[in-house]
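Welcome, and please take a moment with the sequence and the fold. Once you have them in view, we can walk through some side-chain contacts and a pocket together.

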Amino acid sequence: MSNKSSANIEVRADGLYLVIDNVEGADKVTRKQVLDLVELFGVKDLSFETIQEIFKSEEMFIERKISENQDIVKKDEEIKVEIAKDRLSASISFKPAVGLGKPAGEIEILDALLKGNVKYGIDMAEVKRLGAKHGYDADYKIASAKDPVNGENGYLDFGFDPSEKKEARPELLENGNVDFRSLNLIEMVEKGQTLITFIPPKEGVDGVDVLGNAIPYKRGNPTPKVTKGQGVSVNENETEMIAETSGQVIYVNKKLVVNPILEIAGDVGPSTGNVKFNGSVKIRGNVMSGYSIVAEGDIDVQGTVEAANIESGNDVFMYNGVQGGDKATITAGGDINTKFAEGCTLKAGRNIVANSIMHSDVHCAGVLTLDGKNGNLVGGIINVGESVKAKVIGSSMATSTEIVVGNDPERLEEYNKLVVGYESKAAEFDKLDNLLQKLIDEHNSGKTNADKKNLLLKSLQVKAHLRKELLDLEASLEEMKHSLETKRGEIYAYTVIRSGVKVTIGNATMFIRDDVQNALLRNEGAKIVINSAV
């Protein structure tokens with residue numbers, strides 16, 4: 001039900017009728033509204049007396065004949081088309097038909113849109129709906145533009161973490177514990193690795209407004225530019241930046257660098273965590289206790305190495321030496337050069353040079369040289385492949401010092417491990433043999449049962465397997481022992497070798513009973529002889 005009063009003129013068989021429906025609480029239909037309606041319909045032979053009578057009536061609903069003449073204006077329903085200023089939408093509104101004018105349907109709506117120049121985005125479902133039913137007090141959205149698809153910005157696809165400030169990421173160990181010393185603060189890349197791929201802007205798609213005109217899309221921003229620095233190359237198509245070398249990748253101010261040398265200005269400690277690098281490492285400060293440096297290239301420490309672990313695929317340089325507290329381990333695939341070493345383990349694939357080494361275990365495949373002011377080699381087990389050259393070996397306090405020269409330390413260590421393995425296996429064999437003897441005695445005396453019979457059979461099988469393993473180990477030990485039997489190797493003590501030092505050169509061993517000045521020790525005829533070092 002309408003909430004406002006209304007008036008209309010209806011054509012009936014005997015003439016024209018004025019129908020007024022006044023709604024309670026709403027304004028009543030006025031005389032002017034009726035006269036405007038009469039004029040609109042073009043009513044002829046109007047009965048003004050009837051009009052006067054109508055407006056004197058107190059009735060809410062009035063129905064009166066106002067003319068015998070049925071001839072009125074016929075005006076079809078009107079359709080008004082409105083196009084938005086931005087041409088992104090169009091709407092229509094309806095003006096009612098007059099008299100016997102025809103209502104607007106789908107065809108009339110489409111015709112109005114065509115005349116209004118609306119060519120794109122017409123909502124045909126809405127056209128059908130409005131063609132069947134519509135009102136006169138509303139605007140109906142009838143067409144919509146197609147939005148453009150804007151182009152996408154060009155961007156850089158990084159093959160590494162480009163953030164300048166890395167967050168500490170402690171390492172999760174296999175046992176579930178977290179290593180808070182391994183912070184993973186260094187971003188490493190490998191030679192040939194793609195560091196940046198330049199992704200070009202992606203083209204967009206034009207839109208279409210309701211008039212059929214193109215709406216240009218917005219182009220994406222061009223791909224950011226990057227300056228190529230040291231250790232970086234660009235491919236032929238200039239679509240990728242590639243690492244020319246392994247090392248630390250640095251991306252600052254749109255410049256990309258791969259540095260094969262990692263340089264740390266201060267100490268290796270809580271602020272850096274453990275250092276693991278695929279190039280060379282230079283430390284300006286110290287290496288603190290409990291931390292480690294592992295590098296494929298050289299390791300250069302300008303400060304002091306404490307009870308730390310250092311492992312290099314090439315050479316190690318320690319300008320202020322090692323104060324290891326019996327916990328430091330220094331390993332180099334090549335040479336080790338250090339001011340001094342105390343309370344540590346040194347392992348070198350080639351040579352070791354130091355001013356002095358005290359109370360340390362040394363494994364050196366090449367030459368061990370102590371060339372400092374004192375040139376001391378005191379305490380520990382010294383295993384050297386070629387020769388030892390020092391000023392003073394041992395101490396006046398008879399500190400235990402053992403020197404083995406002439407065999408590859410790694411080969412000798414492998415041999416010693418094999419010996420330990422053989423001895424353990426032999427002890428296991430003897431224990432099983434004793435058990436078997438008891439089981440056999442019980443079986444022969446008729447005291448055995450089914451379970452013990454099964455145990456006897458299984459033990460015999462295990463014994464046969466162990467015997468084969470022992471024979472194989474014996475053969476390996478004999479072969480390795482033969483390869484270790486060498487007479488090469490020399491020990492130079494240019495000032496003195498002290499009493500109490502144990503010396504092994506190849507297959508000969510000697511205990512130094514008295515101090516020997518200016519000594520050169522060699523293996524001659526399966527025994528060690530001492531000559532002058534000069």
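In this predicted model, Arg12 lies over the face of Tyr17, with 4.5 Å to the centre of the ring. You can find a similar arrangement at Tyr492, where the charged end of Lys389 sits over the ring at 5.7 Å from its centre.

Arg12 is worth a second look, for its side chain also meets that of Glu10 in a salt bridge, at 3.0 Å from N to O. Both partners count as partly exposed: Arg12 has a relative accessibility of 26%, and Glu10 has 31%. Salt bridges with shared partners join Glu10, Arg12 and Glu63 into one network.

The structure has 23 salt bridges by count. Here are three of them, with the N to O distance for each.

| Salt bridge | Closest N and O atoms |
|---|---|
| Arg12 and Glu10 | 3.0 Å |
| Glu78 and Lys75 | 3.2 Å |
| Arg87 and Asp209 | 3.3 Å |

Glu78 is partly exposed at 33% relative accessibility, and Lys75 is partly exposed at 34%. What about the pair formed by Arg87 and Asp209? This pair links distant parts of the chain, 122 residues apart. Arg87 belongs to the loop between β4 (78–83) and β5 (89–95), while Asp209 belongs to the loop between β12 (207–208) and β13 (214–215). Arg87 is partly exposed, with a relative accessibility of 38%. Asp209 has a relative accessibility of 3%, so this residue counts as buried.

Now to the aromatic rings. The structure holds five aromatic pairs. One of them joins Phe158 and Phe160: the ring centres are 5.5 Å apart and the planes meet at 85°, so the pair is edge-to-face. Phe158 is partly exposed, at 26% relative accessible area, whereas Phe160 is buried, at 8%. Through ring pairs, Phe158, Phe160 and Tyr251 form a cluster.

Finally, let us turn to the pockets. The largest one has a volume of about 560 Å³. Its lining comprises 20 residues, and those closest to the pocket centre are Ser6, Ala7, Asn8, Leu37 and Pro96. Which elements each supply at least two residues of the lining? They are β1 (6–12) and α1 (31–41), and α1 gives the most, with four residues. Sorted by class, the lining of this largest pocket has eight nonpolar, six polar and six charged residues.

Key:
Residues numbered from 1 in each chain as written. Predicted model: local features only at pLDDT ≥ 70, side-chain atom pairs only at ≥ 80, totals over all residues. Heavy atoms only, no water. Phe/Tyr/Trp six-rings, centres within 6.5 Å; stacked < 30°, edge-to-face > 60°. Buried < 20%, exposed > 50% of the residue type's maximum accessible area, 1.4 Å probe, protein only. Lys NZ or Arg CZ within 6 Å of the ring centre and 35° of its normal. 1 Å grid on protein atoms, 1.4 Å probe; cavity = no way out; pocket = protein on both sides within 12 Å on 5 of 7 lines; lining within 4 Å. Points joined across faces, edges and corners; volume = space filled by probe spheres on them. Nonpolar A, V, L, I, M, F, W, Y, C, P; charged D, E, K, R; others polar. Salt bridge = Lys/Arg side-chain N within 4 Å of Asp/Glu carboxyl O.
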